[in-house]
Structures are given as C-alpha cells and as structure tokens.
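Q: I should like to learn how to read a protein model feature by feature. Could we go through one together?

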Amino acid sequence: MIKFLDLQAVNAAHATEIEEAILRATRSGWYLRGEETRRFEEAYAQYIGCRHAIACGNGLDALRLIFRAYIELGLLHEGDEVIVPAHTYIASILAITDNRLKPIFIEPNPDTLQIDDTRIESAITPRTRAIMIVHLYGRCAYTEHIGQLCSKHDLLLIEDNAQAHGCTYQARKTGSLGHAAGHSFYPGKNLGALGDAGCVTTDNEELATVIRALGNYGSEKKYVFRYSGYNSRIDEVQAAVLAAKLPHLDTDNLHRAAIAELYYKGIDNPLVRLPLYVEPEHNVYHLFPIFCNERDRLQQHLADRGIETLIHYPIAPHQQECYKEYAHLALPITEELHRTELSLPIGPTMSREEATQVIEAINAFR
Ligand SMILES: *Cc1c(COP(=O)(O)O)cnc(C)c1O
C-alpha cells in the first residue's frame, strides 16, 4: 500500500529531536506565550526573510487576523473587495468573508494552476483594496505583473502561504513577497506540527503589534483590551516541535522535488495532464496534482493497485453550500480543475520505488 502521505514516517524521521522538544516544553511548566514560541517565531521570521513572525492557532486564523488587523488599522473597511483565486482551498475565502469583505474570484491559468494575472486588472474597481494570492500546491503564485498592479492601484498584497513553506521567487521566500502572509502548520503541510498551528509573517511592525494583540483577546497589556479580539495562540509544545523540524524543511522539500522529477519524467499517458513544469526553487510540491477527464475511474484504478490518492478539491468554494450568494458565478476553468484534479502520493519519506510504482500504474491506465 502506498500512502498518500505517511505522517507517521514523516515525524519518525526526526523522532529524537521532536521528542526532545516535547519533553523540554512539557517539563518547563510554561505552556503558552513563552520561550519556545519566541524562539520559533524568531527562527521562522529569519527563514522566511521577514522582520516579524506572529504565531497563532492555525492557518485560517493567520489569514483572518491579517484582514482584521488591517480593518483595525483603518486600511480595510466592511464591503471592500479582495481579489482572490477562485481555485483555492476554502480557508482563503473564509478569511475574507469572515471579516465582511467581498471576495472577487479570479480564474486560474490552467497550466500553472495559479491565479491568472492577465484577468486581474479588469476586475479592479474603486472598492478593490487588496489582492490575496495563494501559492496553491506549493507553487509560487507571485508574478512581477501582480506586484506592479498592487503598486499601480495601491493595493495590499496578502499571501496565503499555507502550502508553500520554503518556496522562493527570485531568491526571496514566498511569505515575504507581499505586505503580510498567513502560514499553516497543519500536520500534513510541508512544515507540520503535531496538531494545529499557524503564523503570520510581515515586515510591518504596526501590523505585527495589532495581530499579536488580536490573537490574545485584543490585549496588549494584561487585562486591558484595546480590540475585541480572539483567542488564537500556539501551544509551546507545538512551537518547540516546529522549531525542531524547521532545520529539515529544505531537505524535505528537495526530496519532494526529486519525487516530482520522477513523475514528470515517467508519466506518459495521453489521458493524464501534468501542470506546467517549473524549477524546484519555485515549487515545494506540497501536492502533486494531475488532471484527467476520467478522474474518478483513474482514482479507482490506482486504489485497486494499492495507491492512495486524494482530490484537492472536489467542490470549488463558489459552489459550496455555505456560499450560495456566489453560486451564480460562471468560473468554468476553476470548475474544470475541480472536476478533473487528482493528487498523487508525495512526501519527504516516499521512496523512488514507490514513485516508480505510481508511474507504472498511471501509464497502464486505459
Ligand atoms: C491548510 C490551508 C489553510 C488553512 O490552514 P489551517 O491550519 O488548516 O487552518 C489555508 N489555506 C490553504 C491554501 C491551505 O491549504
């Protein structure tokens, strides 16, 4: 059986360091907002190349906190429009609507799978205040054109970096390319905790201060509440685990890229389409999506050969029951990707032999 992602193996590979970290955090007698959190924030900020990293409860909170902080700072207002890829995980959209901002869905480029930057400018209105890019599947979504549009129209650039820890654009890490970025350390992400955790990175000190307060009930000073905030903190144990795993992230990502290279070289079936290849520095292969018109039959074919696959994602955000107000939108490229996508096994402990088996099974699909 080839697992989609063997999380037990992923963490067993660093067991000694992880267990040491857990023991240290457990014995410290201090479980929130302490030394482990401070140390992880410092290491992660340095890794991403940002002045500030503010750890929080999860990736969705990281994104929600960014928008809420901009509202508190008076840079965003209820009803403002945020440009966002239509082809994304729903958390990207929830962070916007939760703050009573309006998502403006942009179709992806079907080859890169990222927001199609040629479609952005015509969607900008006087209410547009921000662009959120999502480095979906681990692949860099930033383009020079997006940067220029933000400068030209004075828009905030927010990154959803939940799937792309360690990915770069011209030697800069994703998560440091815009004004602020949200990161998720959900266990299955490239840098994963042993539970929920997330983080915001930014160079903006004022924003960092507001986010830090918002995640702690809105308080900067104990029992004094400047904002009506949330409780979104990282556990010291999770911060310690993440700090122990961070030094291995680049090696883990290179292993993912090596598996991806095998897929690109080996998969040769006219019924299956692969995304456009980019150099490994621009893709940390959180997922390896392929596209097939007969996706469900292909998934069953692989399952019959002991290969576990997943679908990211079966239903587009604008077609979800919670977003009936967007159901009328026609987003055919997004809908097509959701209809045909299948994610192959990939991960830092997957073997070349396993990749070869996956390739052979796909090539035998008729
Ligand atoms: C995982 C993910 C999130 C949310 O992260 P959680 O930690 O699960 O809240 C947000 N955006 C994208 C693109 C994700 O993949």
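The dialogue below takes up sheets, the ligand and the backbone of this predicted model.

Q: In which order do the seven strands of the open sheet stand?
A: Strands count as paired when at least two bridges are found between them. Here the seven strands follow the order β1-β9-β8-β5-β4-β2-β3, and their pairing is mixed.

Q: Why is one side of β1 and of β3 left without a neighbour in the sheet?
A: Both strands stand at the edges: β1 covers 52–56 and β3 covers 102–106. Each has a single partner strand, so one side of each has no neighbour in the sheet. With direction ignored, neighbouring strands of this sheet are turned against each other by 20° on average.

Q: In which sense do β8 and β9 pair, parallel or antiparallel?
A: Strand β8 (residues 180–184) and strand β9 (residues 198–202) are joined by five bridges in the antiparallel sense. As an example of a bridge, alanine 181 has threonine 201 in β9 as its partner.

Q: What is the order of the open sheet of three strands?
A: The order is β12-β13-β14, with antiparallel pairing. Its edge strands, β12 (272–273) and β14 (341–344), each pair on one side only. Two bridges link β12 to β13 (residues 288–292), and arginine 273 has phenylalanine 291 in β13 as its bridge partner.

Q: Where does the ligand sit, and which residues are around it?
A: A residue counts as near a molecule if one of its heavy atoms lies within 4 Å of it. The ligand sits in the largest pocket, and the residues around it include Asn58, Tyr89, Asp160, Ser184 and Tyr186.

Q: Which polar atoms of glycine 59, leucine 60 and lysine 189 lie by oxygen atoms of the ligand?
A: For a polar contact, one looks for N or O atoms within 3.5 Å of each other. A polar backbone atom of glycine 59 is 2.7 Å from a ligand oxygen atom, and a backbone N or O atom of leucine 60 lies 2.9 Å from one. From lysine 189, a polar side-chain atom lies 3.1 Å from a ligand oxygen atom. The ligand taken alone exposes 380 Å², of which the protein buries 91%.

Q: What should one look for in the backbone itself?
A: Most peptide bonds are trans, and most residues other than glycine have a negative phi. In this model a cis peptide bond joins histidine 312 and tyrosine 313, with omega about 10°. Tyrosine 313 belongs to the loop between α10 (295–304) and α11 (332–340). Alanine 171 has a positive phi, near 70°, and is placed in the loop between β6 (168–169) and β7 (172–173).

Notes:
Residues numbered from 1 in each chain as written. Predicted model: local features only at pLDDT ≥ 70, side-chain atom pairs only at ≥ 80, totals over all residues. Heavy atoms only, no water. Helix = DSSP H or I, 4+ residues; strand = E, 2+ residues; numbered from the N terminus. Axes fitted to C-alpha atoms, helices over the stretch in contact; angles between N-to-C directions. Polar contact = N/O pair within 3.5 Å; in protein donor to acceptor, adjacent residues only side chain to side chain. Areas by Shrake-Rupley, 256 points an atom, 1.4 Å probe, with all protein chains shown as cover. 1 Å grid on protein atoms, 1.4 Å probe; cavity = no way out; pocket = protein on both sides within 12 Å on 5 of 7 lines; lining within 4 Å. Sits in = over half its atoms within 2 Å of the grid points.
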